[in-house]
Amino acid sequence: MAGQFRSYVWDPLLILSQIVLMQTVYYGSLGLWLALVDGLVRSSPSLDQMFDAEILGFSTPPGRLSMMSFILNALTW
């Protein structure tokens with residue numbers, strides 16, 4: 001019975017690897033959306049667009065681009 005799912009065994013390595021994988025996929029796809037949106041409007045890409053709370057808002061054009069990328073990322077994943 002190889003390949004059977006073990007729902008009765010708690011596997012912390014499996015849980016941690018799934019968490020790491022999901023975070024990697026999320027931030028990787030967000031980075032791709034930010035690069036695409038920045039490329040369309042000819043803006044310079046920056047990690048601040050992902051991680052800086054002051055940029056994330058609708059009051060500035062970079063904030064609008066970042067929020068658009070976050071929304072596109074949420075809709076595609």
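**Figure 1. Helix α3 in the predicted model.** Helix α3 spans residues 61-76, a run of 16 residues. From its first C-alpha to its last, α3 reaches 23 Å, close to the 22 Å expected at 1.5 Å a residue. The model shown here and in the other views is predicted. Gly-63, Leu-65, Ser-66, Ser-69, Phe-70 and Asn-73 are the buried residues of α3. These residues lie on the same side of α3, because they cover an arc of only 165 degrees around the axis. The face turned away from this buried side carries the exposed residues Pro-61 and Leu-75. The cover over the buried residues of α3 includes α1 (12-41) and α2 (48-51).

**Figure 2. Surroundings of Asn-73 in helix α3.** Asn-73 counts as buried because its relative accessibility is 1%, and the cut-off for buried is under 20%. Its side chain makes a polar contact with the side chain of Ser-29, at 2.6 Å. Apart from residues up to four places away in sequence, Asn-73 touches Tyr-26, Ser-29, Leu-30 and Trp-33. Ser-29 and Leu-30 are among the buried residues of α1, whereas Tyr-26 counts as partly exposed at 31% relative accessibility.

**Figure 3. Helix α1 and what covers its buried residues.** Helix α1 has 30 residues. The distance from its first C-alpha to its last is 44 Å, close to the 44 Å expected at 1.5 Å a residue. Ser-29, Leu-30, Leu-34, Val-37 and Asp-38 are the buried residues of this helix. Both α2 and α3 are included in what covers them. The residue that follows α1 is Arg-42, and its phi is positive, near 55 degrees.

**Figure 4. The residue range 20-41 and its annotation.** UniProt lists residues 20-41 as "transmembrane region" in an unreviewed entry. In the model this span is 100% helix and 0% strand. Its end C-alpha atoms lie 32 Å apart.

**Figure 5. The aromatic pair of Tyr-26 and Tyr-27.** One aromatic pair is present in the structure. Tyr-26 and Tyr-27 form this pair, with 5.0 Å from centre to centre and 80 degrees between the planes. The pair counts as edge-to-face, because the cut-off for that class is an angle over 60 degrees. Tyr-26 is partly exposed at 31% relative accessibility. Tyr-27 is also partly exposed, with a relative accessible area of 35%.

**Figure 6. Asp-38 in helix α1.** Asp-38 has a relative accessibility of 1% and therefore counts as buried. Leaving aside neighbours within four places in sequence, Asp-38 is in contact with Ser-43, Ser-44, Pro-45, Gln-49 and Leu-65. Of these partners, Leu-65 is one of the buried residues of α3. The C-alpha atoms of Asp-38 and Phe-58 are separated by 16 Å, and the two residues are 20 places apart along the chain.

**Figure 7. Phe-58 in the loop between α2 and α3.** With a relative accessible area of 55%, Phe-58 is exposed. Not counting residues up to four places away in sequence, Phe-58 touches Arg-64 and Met-67. Phe-58 and Asp-48 are 10 residues apart along the chain, and their C-alpha atoms are separated by 15 Å.

**Figure 8. Two partly exposed helix residues, Ala-35 and Ile-71.** Ala-35 lies in helix α1 and has a relative accessible area of 44%, which makes it partly exposed. Between the C-alpha atoms of Ala-35 and Met-50 the distance is 11 Å, for residues 15 apart along the chain. Ile-71 is placed in helix α3. At 45% relative accessibility, Ile-71 is partly exposed. Ile-71 and Leu-16 are 55 residues apart in sequence, with 26 Å from C-alpha to C-alpha.

Definitions and conventions. Residues numbered from 1 in each chain as written. Predicted model: local features only at pLDDT ≥ 70, side-chain atom pairs only at ≥ 80, totals over all residues. Heavy atoms only, no water. Helix = DSSP H or I, 4+ residues; strand = E, 2+ residues; numbered from the N terminus. Expected span 1.5 Å × (residues − 1). Buried < 20%, exposed > 50% of the residue type's maximum accessible area, 1.4 Å probe, protein only. Arc of directions from axis to C-beta. Contact = heavy atoms within 4.5 Å. Polar contact = N/O pair within 3.5 Å; in protein donor to acceptor, adjacent residues only side chain to side chain. Phe/Tyr/Trp six-rings, centres within 6.5 Å; stacked < 30°, edge-to-face > 60°. UniProt positions renumbered as here; feature names shortened; annotations may be inferred.
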